[in-house]
Structures are given as structure tokens and as C-alpha cells.
Protein chains: 2
Amino acid sequence: MPSRLCPGVVSFETARDIDITRSRVCDSATMTTLSPDGAAGARKVRRATMNDVARLAGVSIKTVSRVVNDEAGVHPATAERVLAAIDQLGFRRNLSARNLRRGSSTGTVGLVLEDVGNPFYSGVTRAVEEISRLRGRQVITGSSDEDPVRERELALEFCSRRVDGLLIVPAGLQHGYLVPEMRAGTPVVFLDRPAGDVVADTVLVDNVGGTTEAVLHLASFGHRRIAFLGDAPDIFTANERLRGYREGCARAGIGFHESLVVMGPHDEVSVREALHRLRRGADPATAVVTGNNRITVHALRALAGAASRPALVGFDDFELADLLSPPVSVIAHDASALGKAAADLLYARLDGDGSPPRRVVLPVRLVARGSGEVRA
Amino acid sequence: MPSRLCPGVVSFETARDIDITRSRVCDSATMTTLSPDGAAGARKVRRATMNDVARLAGVSIKTVSRVVNDEAGVHPATAERVLAAIDQLGFRRNLSARNLRRGSSTGTVGLVLEDVGNPFYSGVTRAVEEISRLRGRQVITGSSDEDPVRERELALEFCSRRVDGLLIVPAGLQHGYLVPEMRAGTPVVFLDRPAGDVVADTVLVDNVGGTTEAVLHLASFGHRRIAFLGDAPDIFTANERLRGYREGCARAGIGFHESLVVMGPHDEVSVREALHRLRRGADPATAVVTGNNRITVHALRALAGAASRPALVGFDDFELADLLSPPVSVIAHDASALGKAAADLLYARLDGDGSPPRRVVLPVRLVARGSGEVRA
DNA sequence: GAAGTGGTGGACAGCGTTGTCACCGAGGAG
DNA sequence: CTCCTCGGTGACAACGCTGTCCACCACTTC
């Protein structure tokens, strides 16, 4: 057993540094049955084609095609021979060649997002996959890591693969590169953020409304010094949420104070420092709105040991928010609803919907759990 | 603003029921610039081919190919004309046709897992994607939802698409269907669980060792009535962890009691009931080992309001475990390490590694945070 | 003037499929 | 016996691209 007992209480670790050199390796002797080829390995072997099957079965290639495609008009005995040959050779129809010849769709859609590893986007991915499954299509994903160049590479690569449609969480603001693709008939739907300079279907969440609501909610508990910790303002959602914050301040009649706003990019340290700064001095912040779930989590960690806590409302819901103490109030929106709405829009286009581009804004909900319901 | 203020404190909700019919829709009039085609839409248009480009540029198709592929020996002026034509027609090389002709790889690998939406697997996905990116390959994913039929469909579909390799989190125990594919030279690596009846590369985590360690850890704090809540025993990892639990009980000298084991499938209700049952009576459990992160979370929710809590160690780490009170002790293993190890193995095969199939067992780590360090 | 030489471009085949059309032999109608 | 139908089958081209090979046009060199 390679790991040892840890006697003490240690802080959170992601176990990212597990030492792979200490991994155990068993050889095949301890394993069972059914080796695919004595000594296995990826020897580069030409795959059997219909031609090979045809030769072996003593029929023409066309007959093989008929059998493979379940076309009528093949003598049962012939079909039998063909199937036996297929089995013997391990033949599997080459979909690329098929699609090429038929000029039909490739049965794939491309999904470009910021990071598949982020739970929010993996929820989106799952929803897209689910809808695509019903439509008989496969999903190819790629993570842009918020890099416009990478986004472009991915999207165009997908186009070269002739995806039937493209779902994109935009990383940048320039999407002119997609115009030829769209003109060529590839529908594109933008998710979570709009494209900068292209008119296309877009699915967003109500960033402004949600943040406004968060501020009003906090103000209704008597808070007048409400801070906002947001992501880098060149990210669409961050900027929108900042707008919502301003709007909320205005509507609550508490004024907008530059000094209460700290935009990112944020990491654990910067959030900690920002909170520290905001909460000292003569007129400290008594409440905080955090601009996304990463920032919320950083904030919670920074406040973990603190004697007093500001009231807190976070944008984005996250698992276990209800089990923390106090439970965290959030502006919730649903990754799978976002993915579903976008996929539905895409498939409507693929079904021939030629109406003008739509912009769908999904509602958000304030989920009050406790952290935001504290009197000033 | 479609949503309203929620005055009270409500319990956790996933916002899954957001009403899409209340979504706002803006028409394109409110949008900006650069419409791809006056009235857009996915009119099915034949995409420009090299032939079209050649005609327009007044050169042969081969010359276009040369330009597109940056081959030497094209007069700059000719290249210029070709590039202009490409631009005008929005031509983009068809990768399927190219790969078909060249007999080269499709530059894709297939990843079949249980659910992309699950944070653990999305971590795996991200790692696989990252490695694949370095190798210039795209990843196609599919979720089997623990259904062997679906897994098989996905894997074979991927093979039809001629993926260069396959990474599979097995849903069932029969994988003979992959033998022809493996024999045809498609390398397959199994992740997280072994295949039932095929010898192939496999990457696992140390399920037995981890659970044993959890039990010994709890026993070291004086617990002698340690319960185990595990997933359905036909799932490999669940069964292995049960084995580890037995082993731990044996080594701790506390005996194995059938009545302290409750295997799944589990949902929130069944976990709640199981815990309730285990903790009453004359000789109640004073400690619990939970068999995966879902079960751990269910257990935490069930215990949230309770007056007294059993000591708890969960298999699988999860975000925020350190911020709960008490912080949750876990057996941690790393999704991205798993994905990376599997991808590395796959690419080694693609690079020609013909050695016998390997089984890699990644170590796990006990991360003691508090919930498990409670005296009996 | 004949024979190389290097730079430029095209004709053609073929990757693995499928759509079109034509063929062949058996059987039924006239 | 001829004509026609019809089930079963195959030859062939083509999908979009690239590898091979060859043609052509200056030029240079003997």
C-alpha cells in the first residue's frame, strides 16, 4: 500500500502532486483471458475494407455495401457469407468515406468552451451531449482557456472537420473569422457571452438583473456599504455584472463608490487582500457581492477563520453551498439550461429554421440561504 | 427583470426548473454589425471545394492543393491568385477527404466515460484534452451513464470514425466487442475500472488500499463500530472499496459485521435511512466510511442538523471539503492524474510501444481534515 | 543548334464508400 | 416461343483531396 497514514489535520489539498513514479504496475501475467493478439500493441495495421470483405466472400463490393447498410435485395445466403467475412476480418465501415461519398453531414457538432474541467461548463457539455444524442450526433469539445487565438484555432479546426454546427463560449471579441463558415451554412450559437462583432444566435443569462437583485437584496437588510469583487472587466459577464451592481446601487439609493469595487483577474491571494482592504478603515464594507463561483469560494476561504463576516451573495450557485455555515446565498443559474437552450437553438437551425438570429436571455434566481440575510 | 426577490431562507435548489418560457428574446434589430448574410440561417449550401477555387483562380486543382499545403514550387503571383480565390469562396480544406486520401490518422481520440457532467470525470476529460492538444489531437467524448449498451455503441461509433485510440471508463464487464478493433490496431486504455474480459492497458486508483487506510485511521481513534456505505457492488470500484473495508476491519482486529455495510445504488433518501438505521440500537456505528463523493455529500446533508455526528471519512476528495464544519477527511485521488496517466499510456502505444499490456495503480492519500479525527 | 536544367503547372489515379444503371437468369403472361 | 418482369448482382463513377509522374517553358552550357 503506497500511501501512509496522515496523523494530523491538514488543510485542503488537491492531491495534484501524486507521485506517478510510485504507482504500482502489474504485468499482464496477473491478468485474465482474451488477449486481443498474443502480444498486443498498436502495430499499424491496414484496416479491412469493403473490398477485402468482398474478395473474401466472393461477391462484389457493392453487395457488401448493401449488406452493411441493410438494403433490401440481397439473397439471405449471400448476406450470410458477407457477414461471416465481415466478422472474420473485423471489418467496420469507415464513416469518413461514407460521409464524403454521400455528401451527408458528419454527424458531429463542435463545442468550444473555456474549460471542460470547470463544473459549470461540464454541466453545459453534458446538456449539449444529451440533446445531441437524441439527434444522433457526436460532440467534439475543446477548451480555449480564455484565449481568443486558441478559440479560433479550435473553431476552425472543427470547421475543417465539417462539424454540422458550432457552439462557442467566446473568449475574445472578434469573431469575423466565423463569417465564411456561417455563410457556408454552418450554424453557430454563442453561449454565456455574445460575440463581439457578428450577428448570431446567442444564449446568455441575466447577468445585469441578477447582480442588481443581489445588491437590492443586501440593501433591504440595511447594508449601505456593499462591495463588489468581479472578474477581469474585459470578460463580458464580469462587465455585465458590474453594470448590474451599479444599477443596484442606484436603485437602492446608496450611490456608487469606486473604492468598493475590485475587479480581477482574481486568485485566492488577491481576493483575500481585497477583502482585507475593504473591511478596514473608517467606513468599511458590511456586505459583499462576488462576481462568480471561483471568487465566491476564494472569499469563503479568506473569511473562514474571521471573527465577523460581511453579508455575502455570490453569483453562480455551487454544490454544498447549503452545507456551509452560514449557508451561502447565491444568484443561481443553470448550466444545463444554458447548454440545452443553445443546443436547441442550434438544432432548430439545422432543421432549417431561417429566422433572424435570436438572443435568448435566461432568467436567474436569488437563492437566499443565510449568508446574505444578515442585518448591517 | 424576470426573477423576483426571495425574502426567506430556502434550502438548496439546483435551479434546474428555470422556466425557459420566461426567457427574454431580443430580435436582431438590437444587435450590431457584420451579419454573415443579410438574413442568416443554415441554408444548406454546398461548400466550396478545391475544384471551385481552381476554376476561379484559373489554375489546376493540384496547384490549389500545393498552395493550401504550403508546398514549394508555386509562383508567388499564382499563389496570390489562389489565395484570393480561397478567400472569396470561403474555402476550407475538408479534413476527412484529406485523411482518407493520405491514409493518415484522423487526429482524434475517443473518450467514453460515465458522465462528463460529473466533476471527477470532467477533470479526467480536461487532462486527456490537455495531453491530446500537445499531440495535436482532438477529443471526442461520450457519456455512457453506466449503461454497457450505451458504452458499446459509443466506442464502436468512435471506431467507425476511425479514432486513433480509445479511452474507456468501463460500464460493464464485457468488452470482447473491442477485440476486433484492438486487433485492427486501435489502442484501448481502460480508466478507473478494468475491463471484464480483455487484456488491455488499464489505469486504476488504489481502491482497496485507500479504504483499508480509512478504516485503520478511524480505528486508531478508538472506533470499533465502523460502517461502510458503498455504491452498487456490481460497480468495480464499489466492490474493491468494500474489499478494502473488510481488509481494514481485519487488520484493525474489529471483525467484519454484515449489518454495518449498506451497499447502493444510493440516493439522498437511502443514505439518510441507512445512517439512521446504523446509528440507533444497542450497538450503534460510531464512524462511517462513505464509498464515493456522491454518497459522502448525501451523508453530510443527512447529518447536517444532527445533534451528534459519527466520525466520517469519505472516498474521493471534493471542493469545499475543507470549509465545511467539521472539515471532511477524505481518501483523495486525482482526476487529472488519472486522465494524464491514461492518455500517456495511449500515446505511448500510438508511438509504437508494443510491450505487454500494463496495469497502473495510482496511489491515494488520506487527507485528514477533522471529520475523521474524532474519538469514539 | 542540341542537350541539359530548374522552375512551374497539370493529368490522372486512388483513398473507402455509395448512387446509378445495366446485366443476367428464372419464371409468368401472352 | 417470345416478351416482359423482377429479384439478385456487379461495373463504374464520383465524393474532395493528395502523390506520382510527366509536360512545358525559359535559360544555360557545350
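1. Cover of helix α9. The buried residues of α9(A) are covered by parts of chain A that include β6 (201-205), α8 (207-219), β7 (226-230), β8 (261-263) and β10 (311-315). Contact here means heavy atoms within 4.5 Å. Helices (H or I, at least four residues) and strands (E, at least two) are DSSP runs, numbered from the N terminus. The residues of α9(A) that are buried are Thr237(A), Ala238(A), Glu240(A), Arg241(A), Leu242(A), Gly244(A), Tyr245(A), Gly248(A) and Cys249(A). Buried stands for under 20% relative accessible area, exposed for over 50%, and partly exposed for the range in between (1.4 Å probe, protein chains only).

2. Basis of the model. This is a predicted model, in which local features need pLDDT of at least 70 and side-chain atom pairs count only at pLDDT 80 or more, while totals for chains, interfaces and linings use all residues. Side-chain values use heavy atoms, with hydrogens and water left out; residues are numbered from 1 along each chain as its sequence is written, and chains are lettered from A and ligands numbered from 1 in the order in which they are written.

3. Geometry of α9. Helix α9 of chain A runs over residues 236-252, and its 17 residues should span 24 Å at 1.5 Å a residue; the end C-alpha atoms are 24 Å apart, which agrees. The expected span is 1.5 Å times one less than the number of residues. Just after α9(A), Gly253(A) has a positive phi of about 70 degrees.

4. Leu260(A). This residue sits in the loop between α9 and β8 of chain A. Leu260(A) counts as buried because its relative accessibility is 2%. Leaving aside residues up to four places away in sequence, Leu260(A) touches Arg225(A), Ile226(A), Ala227(A), Phe228(A), Tyr245(A), Leu278(A) and Ala285(A). Tyr245(A), one of these contacts, is also among the buried residues of α9(A). Leu275(A) is 15 residues from Leu260(A) along the chain, and their C-alpha atoms are 10.0 Å apart.

5. Asp52(A). Helix α1 of chain A (residues 50-57) contains Asp52(A). With a relative accessibility of 12%, Asp52(A) counts as buried. Its side chain makes a polar contact with the side chain of Arg46(A) at 3.0 Å, and the side chain of Asp52(A) also reaches the backbone nitrogen of Thr49(A) at 2.8 Å. A polar contact is a pair of N or O atoms within 3.5 Å; within protein, one must be able to donate a hydrogen and the other to accept it, and residues adjacent in sequence count only if both atoms are side-chain atoms. Not counting residues up to four places away in sequence, Asp52(A) touches Arg46(A), Arg47(A) and Leu89(A).

6. DNA strand D. There are 26 residues around DNA strand D, of which Thr63(A), Arg66(A), Thr78(A), Met50(B) and Arg101(B) come nearest. Sugar and phosphate make up 59% of the atoms of strand D that come within 4 Å of the protein. A residue is near a molecule or strand if one of its heavy atoms lies within 4 Å of it. Phosphate oxygens of strand D lie 2.7 Å from a backbone N or O atom of His75(A) and 3.0 Å from a polar backbone atom of Asn94(B). An N or O atom in the side chain of Arg101(A) is 3.1 Å from a base nitrogen of strand D.

7. Elements and classes at strand D. At least two residues of the surface near DNA strand D come from each of α2 (61-68) and α4 (95-102) of chain A and α2 (61-68) and α4 (95-102) of chain B. α4(B) has the largest share, with four residues. By class, this surface near strand D has seven nonpolar, nine polar and ten charged residues. Ala, Val, Leu, Ile, Met, Phe, Trp, Tyr, Cys and Pro count as nonpolar, Asp, Glu, Lys and Arg as charged, and the others, Gly among them, as polar.

8. DNA strand C. Of the 26 residues around DNA strand C, the nearest are Arg101(A), Ser60(B), Thr63(B), Thr78(B) and Arg101(B). Sugar and phosphate account for 57% of the atoms of strand C within 4 Å of the protein. A base oxygen of strand C lies 2.3 Å from an N or O atom in the side chain of Arg101(A), and a base nitrogen lies 2.7 Å from a polar side-chain atom of Lys62(A). The largest share of the surface near strand C, four residues, comes from α4(A).
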